[in-house]
Amino acid sequence: TISTDDGASWGTPTVVRDYATTGYDARDVQAEVLPSGRIAVVHSEYKAIGGHDAQRTIFFYSDDEGATWSTPVVVSTGMYGAYGGNDVGSDILSLPNGDLLIAGYATETDAASKQFGLYLTKSTDGGATWANLCKPVPYSTYGVNAVEPQIERFENGKLIMTFHTED
């Protein structure tokens, strides 16, 4: 839904993606208005499969203030060799050159261990394709379950990533 009065009132909500027949549900939805005016959305699709959680990261956008939406792109990285595709995109950031970053977390080992590490993935083509960038906080290095990262950029170009732990 959109507000034209700094949040005092809101328009009629619009269903962007209907999950009623897919067996998935949407979680951790984040939206970012890019300098171009594009609304970029990242979220996770969740489904219980064979006794464990399966999640994958999805990206889509609107170039007309939400009137229409692009075809969703699966971003899931498999950077950690995630068991069952347990991969959760948490935040999106647009860089000054137009590149996009998604910060997320994924299981490093099997789903039962619940050992989560953070990842960054990058798109240089407006979100059509994504490539693994780095693992800033892997469980195997720090021994903490890092989840739900948020990423922001300082004016001087440095990036800051915040997250919480489940330990």
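**View 1. Accessible surface and overall build of the predicted model.** The protein chain exposes about 8900 Å² of accessible surface. Carbon and sulfur atoms hold 50% of that area. Of the 167 residues in the chain, 38% are buried. The chain contains 10 strands and one helix. From the N terminus, the order is β-β-β-β-β-β-β-β-α-β-β. Among contacts with a separation of 6 or more, 43% link residues 24 or more positions apart.

**View 2. The largest nonpolar core, with nine residues.** Its members are L34, A40, V42, F59, V75, I92, L100, I102 and W130. Two elements each give two or more residues to this core: strand 2 (39-49) and strand 6 (100-107). In soluble globular proteins, nonpolar side chains tend to be buried together.

**View 3. The surroundings of W130, a member of the largest core.** Neighbours within four places in sequence are left aside here. W130 then touches F59, V73, V75, L100, L101 and I102. Its contacts also include T121, K122 and S123. Of these partners, F59, V75, L100 and I102 belong to the largest nonpolar core as well. A second, separate core has seven residues. Among them are Y105, V137, A146 and V147.

**View 4. D99 in the loop between strand 5 (87-94) and strand 6.** D99 has a relative accessible area of 9%. The cut-off for a buried residue is under 20%, so D99 counts as buried. The side chain of D99 makes a polar contact of 3.5 Å with the side chain of K122. Leaving aside neighbours within four places in sequence, D99 is in contact with L93, S94, K122, S123 and T124. K122 and S123 appear in the contact list of W130 too.

**View 5. The hairpin of strand 9 and strand 10.** Strand 9 covers residues 146-153, and strand 10 covers residues 159-165. The two strands run antiparallel and are joined by six bridges. Across the pair, I151 stands opposite M161 of strand 10. Five residues lie between the strands. In this hairpin, G157 adopts a positive phi near 95°. A146 and V147, both within the residue range of strand 9, are members of the second core. In a regular strand the side chains alternate between the two faces of the sheet.

Terms used. Residues are numbered from 1 along each chain as its sequence is written. This is a predicted model: local features need pLDDT of at least 70, side-chain atom pairs count only at pLDDT 80 or more; totals for chains, interfaces and linings use all residues. Side-chain values use heavy atoms; hydrogens and water are left out. Helices (H or I, at least four residues) and strands (E, at least two) are DSSP runs, numbered from the N terminus. Buried means under 20% relative accessible area, exposed over 50%, partly exposed in between (1.4 Å probe, protein chains only). Contact means heavy atoms within 4.5 Å. Accessible areas come from the Shrake-Rupley method with a 1.4 Å probe; for residues, only the protein chains shown count as cover. Two strands pair if DSSP finds at least two bridges between them. A nonpolar core is a set of buried Ala, Val, Leu, Ile, Met, Phe, Trp, Tyr and Cys residues joined through side-chain atoms within 4.5 Å. A polar contact is a pair of N or O atoms within 3.5 Å; within protein, one must be able to donate a hydrogen and the other to accept it, and residues adjacent in sequence count only if both atoms are side-chain atoms.
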